[in-house]
Amino acid sequence: MSKVRTRYAPSPTGRMHVGNLRSALYEFLIAKHAGGDFMLRIEDTDQERFVEGATEIIYRTLEETGLKHDEGPDKDGGVGPYVQSERMKTGIYMKYAQELVEKGEAYYCFCDKERLESLKTEVIEGKEIMMYDKHCLHLSKEEVEANLAEGKPFVIRQNIPNEGTTTFHDELYGDITVDNAELDDMILIKSDGYPTYNFANVVDDHTMNITHVVRGNEYLSSSPKYQRLYDAFGWESPVYIHLPLITDENHKKLSKRSGHASFEDLIEQGFLTKAVVNYIALLGWSPEDNREIFSLDELIQEFDYHRISKSPAVFDIVKLKWMNGEYLKAMDFDEFYEMAEPYIKKTVTKDYDLKKIAQMVKTRIEIFPDIADHVDFFEAVPEYDISMYAHKKMKTTPESSLEVLKELLPRFEAQEDYSNDALYEVLCKYVEEKGCKNGYAMWPVRTAVSGKQMTPGGATEIMEVLGKEESVARLKVAIAKLEAEIPA
């Protein structure tokens with residue numbers, strides 16, 4: 001077989017949807033797994049949907065995710081141009097459409113809007129679709145030439161026979177056969193001279209030597225029309241791989257309204273690029289050993305497209321958060337700190353050692369915005385109820401906690417070395433003298449200095465960051481609170 005060549009062919013219409021990123025990723029992995037080429041082609045012929053700056057988003061996203069293309073608008077591999085509007089200027093689409101007209105596989109259609117609106121419609125997959133009645137197929141050659149000479153607006157339509165069937169093969173779904181009567185004579189060249197998405201796609205894939213076409217399974221219904229075009233030209237059809245739908249947790253198609261439908265949404269929400277790529281790889285594909293954490297290089301090695309599922313893939317934000325947390329745990333600390341620092345600074349404005357705070361939260365968060373809830377007490381102790389001092393396992397009560405804090409306060413006031421180890425020693429010495437368990441003393445201290453049930457560090461780790469003055473002040477406030485609220 002010839003060298004595997006895949007292409008990612010997005011339309012510049014805004015942020016990159018998770019489904020589009022998965023297509024790009026699978027196309028990249030299929031090519032790279034086979035030692036082939038991955039190409040970028042920009043499909044900008046739908047002028048109405050074009051969004052300014054969207055092409056830059058495509059480049060930036062591919063760059064950030066590591067999906068480096070071997071050919072594209074910025075890397076000529078000899079089959080360019082790689083932008084559809086530039087390809088159109090070469091006349092390629094009209095040339096091939098006219099070739100089909102000469103073969104009787106396509107025809108000029110001069111029907112105006114009024115006539116088209118009068119035609120019957122059929123409901124296909126919930127959409128009302130106008131079925132063209134082949135009226136212009138029966139125009140004589142002279143009539144067609146007269147209309148063209150007169151400058152009458154036209155489209156070029158594919159000529160699909162009303163009888164018989166069309167079969168195409170998909171790698172996941174096998175052979176699919178449809179009745180030709182169900183297929184409409186789709187437009188190949190629009191009245192503005194631009195090719196339709198479907199037609200340009202086939203011409204570009206063939207002329208750019210694409211061997212594997214990977215796309216969402218919503219294109220399964222259009223594939224017979226593509227197949228007929230390949231057959232009409234006498235071209236070898238590519239290997240088709242139709243990917244399963246991505247749904248939200250409610251099994252509805254993942255939409256832009258879900259809040260995490262695009263790559264940029266996820267990055268803005270504090271996810272790591274590598275975790276997003278890893279997670280998206282598993283939306284429809286599973287490795288042989290049920291492993292879940294993969295680097296991009298490992299994915300290239302492992303990726304076998306025959307293991308792609310036909311069932312819809314659920315985009316589970318909880319699972320993605322878990323995976324992101326695993327990446328954060330494994331991350332080099334300096335790299336983690338660089339990314340975490342802005343989130344910490346948003347919440348903690350006091351002059352503390354932020355690196356120590358970052359070390360505390362590194363293994364406890366799943367995404368960077370989680371940091372705020374973990375570290376807000378460093379800024380100020382929140383309002384809390386003294387019932388928090390009662391802990392069954394630690395055998396503490398508000399009363400026992402008051403006693404412990406009053407006994408420990410002078411020791412902490414006398415202590416000069418406020419490093420974690422030195423403070424821990426003070427607490428251990430107290431526990432030994434009192435003949436109680438560690439938690440009996442630690443729990444009240446941690447509650448007093450944080451005002452929280454859950455903290456990223458223990459009592460002495462927190463006090464090391466707060467320093468002597470702030471720690472002692474917080475202990476005094478806690479003692480006063482307990483004295484005021486414990487009934488006499």
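Is Asn290 buried or exposed? With a relative accessibility of 64%, Asn290 counts as exposed; here buried means under 20% relative accessible area, exposed over 50%, and partly exposed in between, computed with a 1.4 Å probe on protein chains only. The structure is a predicted model, in which local features need pLDDT of at least 70 and side-chain atom pairs count only at pLDDT 80 or more, while totals for chains, interfaces and linings use all residues. Residues are numbered from 1 along each chain as its sequence is written, and side-chain values use heavy atoms, with hydrogens and water left out.

**Backbone points to look at**

Asn290 sits in the loop between α10 and α11 (296–302). Helices (H or I, at least four residues) and strands (E, at least two) are DSSP runs, numbered from the N terminus. Although Asn290 is not a glycine, its phi is positive, at about 60°. Lys134 also has a positive phi, near 65°, in a residue other than glycine. The loop that holds Lys134 runs between β5 (127–130) and α6 (141–149). Lys134 is buried, with a relative accessible area of 9%. As background, most residues other than glycine have a negative phi, and most peptide bonds are trans. In this model, Gly80 and Pro81 are joined by a cis peptide bond, with omega about -5°. You will find Pro81 in the loop between α2 (54–65) and α3 (84–89).

**Strands and their partners**

Now to the strands, where two strands pair if DSSP finds at least two bridges between them. Strand β6 (residues 155–158) is covered on both faces: Val155 and Arg157 are buried on one side, and Ile156 and Gln158 are buried on the other. Strand β11 (residues 239–243) is mostly covered, with five of its five residues buried. From β11, Val239, Ile241 and Leu243 point one way, and Tyr240 and His242 point the other way. The table gathers the pairings of these strands.

| Strands | Sense | Bridges | One bridge pair |
|---|---|---|---|
| β3 (residues 106–109) and β6 | antiparallel | four bridges | Ala106 and Gln158 |
| β6 and β9 (residues 187–189) | antiparallel | two bridges | Arg157 and Ile187 |
| β10 (residues 212–216) and β11 | parallel | five bridges | Val213 and Tyr240 |

**Helix α8 and its packing with α4**

Helix α8 (residues 223–233) is largely enclosed by the rest of the structure, because 10 of its 11 residues are buried. Among the buried residues are Tyr226, Arg228, Leu229, Ala232 and Phe233. Gly234 follows α8 and has a positive phi, near 80°.

Helix α4 (residues 92–103) packs with α8 at an angle of about 75°, and their axes are 10 Å apart. Axes are lines fitted to C-alpha atoms, for helices over the stretch in contact, and angles run from 0 to 180 degrees between N-to-C directions. That makes α4 roughly perpendicular to α8; angles under 35 degrees count as roughly parallel, over 145 as roughly antiparallel, 65 to 115 as roughly perpendicular and the rest as oblique. Tyr96, Glu99, Leu100 and Lys103 in α4 meet Leu229, Ala232 and Phe233 in α8, where contact means heavy atoms within 4.5 Å. By class, this contact has five nonpolar, no polar and two charged residues. Ala, Val, Leu, Ile, Met, Phe, Trp, Tyr, Cys and Pro count as nonpolar, Asp, Glu, Lys and Arg as charged, and the others, Gly among them, as polar.

**Helices α10 and α12**

Helix α10 (residues 273–281) and helix α12 (residues 317–330) pack at an angle of about 135°, with axes 9 Å apart. The two helices are therefore oblique to each other. Residues of α10 including Lys274, Val276 and Tyr279 meet residues of α12, among them Leu320, Met323 and Tyr327. This contact of α10 with α12 has six nonpolar, two polar and two charged residues.

Helix α12 also holds Val318, which is exposed, with a relative accessible area of 59%. The C-alpha atoms of Val318 and Ala484 are separated by 43 Å, and the two residues are 166 residues apart along the chain.

**A buried glutamate**

Glu264 belongs to helix α9 (residues 263–268). Glu264 has a relative accessible area of 15%, so this residue is buried. Leaving aside neighbours within four places in sequence, Glu264 is in contact with Arg15, Ile57 and Arg60.
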